[in-house]
Amino acid sequence: MSNKVTILLSKYCDPFSNFIAAASGKYTHVSISVDPEENEFYSFNLKGFIKEYWHGKKSKYLLPHRKYIRINVSDEIFEKLKDEINKFEKRKSELSYTAFGTILCIMKIPHRFKKRYFCSQFVAEVLEKSGALKLTKKATLYLPMHFLKELNNYA
């Protein structure tokens with residue numbers, strides 16, 4: 001049986017997102033969903049590890065342009081992916097966001113901070129650890145736009 005995993009690329013309109021867009025392209029945020037209805041997505045932002053609800057969400061900082069990339073995975077990989085996300089959810093109180101990690105990523109300097117993540121690093125890591133995607137570089141070197149190229153081959 002096949003299960004759908006959704007990667008959502010989006011863009012916020014704030015100074016840091018504008019910096020990321022200038023350095024890497026249109027989309028500045030990425031989140032992942034294992035929910036067939038695509039109601040719940042997981043990611044990192046300034047608040048740390050978060051669960052996002054995108055349907056009907058309006059914000060003066062969130063632009064309406066979004067790109068959904070859907071990939072199909074086996075039951076085994078789907079369960080591993082959910083387990084990886086659950087590991088983050090259980091530890092969310094000790095995890096935080098790293099803007100500096102994003103800057104290092106833009107500069108192509110791989111560096112992994114203990115208990116600190118940025119959105120695209122998180123998504124890349126759970127995809128790789130679950131076996132859903134074989135990364136072509138370290139998870140700390142992924143920006144949201146990188147998923148367009150890599151995941152479109154899987155869709």
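These are my notebook entries on one protein chain, taken from a predicted model.

**Entry 1: the overall layout**

I started by listing the secondary structure. I found 5 helices and 7 strands in the protein chain. Then I read along the sequence and wrote down the order, which is β-α-β-β-β-β-α-β-α-β-α-α.

Next I looked up some totals. The protein chain has 155 residues, and 48% of them are buried. Its accessible surface comes to about 8200 Å², and carbon and sulfur atoms hold 54% of that. I also looked at contacts between residues with a separation of 6 or more, and 63% of these join residues 24 or more positions apart.

**Entry 2: the largest nonpolar core**

Which residues have the most contacts inside the largest nonpolar core? I noted Ile7, Ile32, Phe122, Leu127 and Phe147, in a core of 38 residues. I then asked which elements give two or more residues to this core. The strands are strand 1 (2–10), strand 2 (29–33), strand 3 (40–45) and strand 5 (67–74). The helices are helix 2 (75–90), helix 4 (119–130) and helix 5 (146–152). Helix 4 gives the most, with 6 residues. A reminder to myself: in soluble globular proteins, nonpolar side chains tend to be buried together.

I picked Ile32 for a closer look and left aside its neighbours within four places in sequence. Ile32 is in contact with Val5, Thr6 and Ile7, and also with Glu40, Phe41 and Tyr42. Its list goes on with Leu81 and Ile85, then Phe122, Val123, Val126 and Leu127.

**Entry 3: helix 2 against helix 4**

Both of these helices were on my core list, and I wanted to see how they pack. Their axes are 8 Å apart, and the angle is about 135°. Helix 2 is therefore oblique to helix 4. I wrote the crossing down as right-handed.

Which residues meet here? From helix 2 I have Ile77, Lys80, Leu81, Glu84, Ile85 and Phe88. From helix 4 I have Phe122, Glu125, Val126, Leu127, Lys129 and Ser130. Leu81, Ile85, Phe122, Val126 and Leu127 were familiar names, since they are also among the contacts of Ile32.

**Entry 4: helix 1 against helix 3**

I looked up a second helix pair, helix 1 (residues 15–24) and helix 3 (residues 99–106). Their axes come within 11 Å and cross at roughly 15°. Are they roughly parallel or roughly antiparallel? Angles under 35 degrees count as roughly parallel, so helix 1 and helix 3 are roughly parallel to each other. The crossing is left-handed. On the helix 1 side, Phe16, Phe19, Ile20 and Ala23 take part, and they meet Ala99, Thr102, Ile103 and Ile106 in helix 3.

**Entry 5: Tyr27 and Met145**

Tyr27 sits in the loop between helix 1 and strand 2. Is Tyr27 buried or exposed? Its relative accessibility is 7%, so Tyr27 counts as buried. Apart from neighbours within four places in sequence, Tyr27 is in contact with Leu9, Ser10, His65, Arg66, Lys67, Pro144, Met145 and Leu148.

One of those contacts, Met145, was my next stop. I found Met145 in the loop between helix 4 and helix 5. Its relative accessibility is 19%, and the cut-off for buried is under 20%, so Met145 counts as buried. Not counting residues up to four places away in sequence, Met145 touches Ser24, Gly25, Lys26 and Tyr27. Met145 and Gly25 are 120 residues apart along the chain, yet their C-alpha atoms are separated by 6.4 Å.

**Entry 6: two distances to Lys67**

Lys67 came up twice in my distance notes. Tyr27 and Lys67 are 40 residues apart in sequence, with 8.5 Å between their C-alpha atoms. Leu8 and Lys67 are 59 residues apart in sequence and 5.8 Å apart from C-alpha to C-alpha. Leu8 has its place in strand 1, and its relative accessible area is 0%, so Leu8 is buried.

**Entry 7: two lysines with positive phi**

Last, I checked a loop, the one between helix 3 and strand 7 (116–117), where I found Lys108. Lys108 is not a glycine, but it has a positive phi of about 60°. At 68% relative accessibility, Lys108 counts as exposed.

Lys115 also lies in the loop between helix 3 and strand 7. Its phi is positive too, at about 65°, although Lys115 is not a glycine. At 32% relative accessibility, I put Lys115 down as partly exposed.

How values were computed. Residues are numbered from 1 along each chain as its sequence is written. This is a predicted model: local features need pLDDT of at least 70, side-chain atom pairs count only at pLDDT 80 or more; totals for chains, interfaces and linings use all residues. Side-chain values use heavy atoms; hydrogens and water are left out. Helices (H or I, at least four residues) and strands (E, at least two) are DSSP runs, numbered from the N terminus. Buried means under 20% relative accessible area, exposed over 50%, partly exposed in between (1.4 Å probe, protein chains only). Contact means heavy atoms within 4.5 Å. Accessible areas come from the Shrake-Rupley method with a 1.4 Å probe; for residues, only the protein chains shown count as cover. A nonpolar core is a set of buried Ala, Val, Leu, Ile, Met, Phe, Trp, Tyr and Cys residues joined through side-chain atoms within 4.5 Å. Axes are lines fitted to C-alpha atoms, for helices over the stretch in contact, and angles run from 0 to 180 degrees between N-to-C directions. Angles under 35 degrees count as roughly parallel, over 145 as roughly antiparallel, 65 to 115 as roughly perpendicular and the rest as oblique. A crossing is left-handed if the near helix is turned anticlockwise from the far one by less than a right angle, and right-handed if clockwise.
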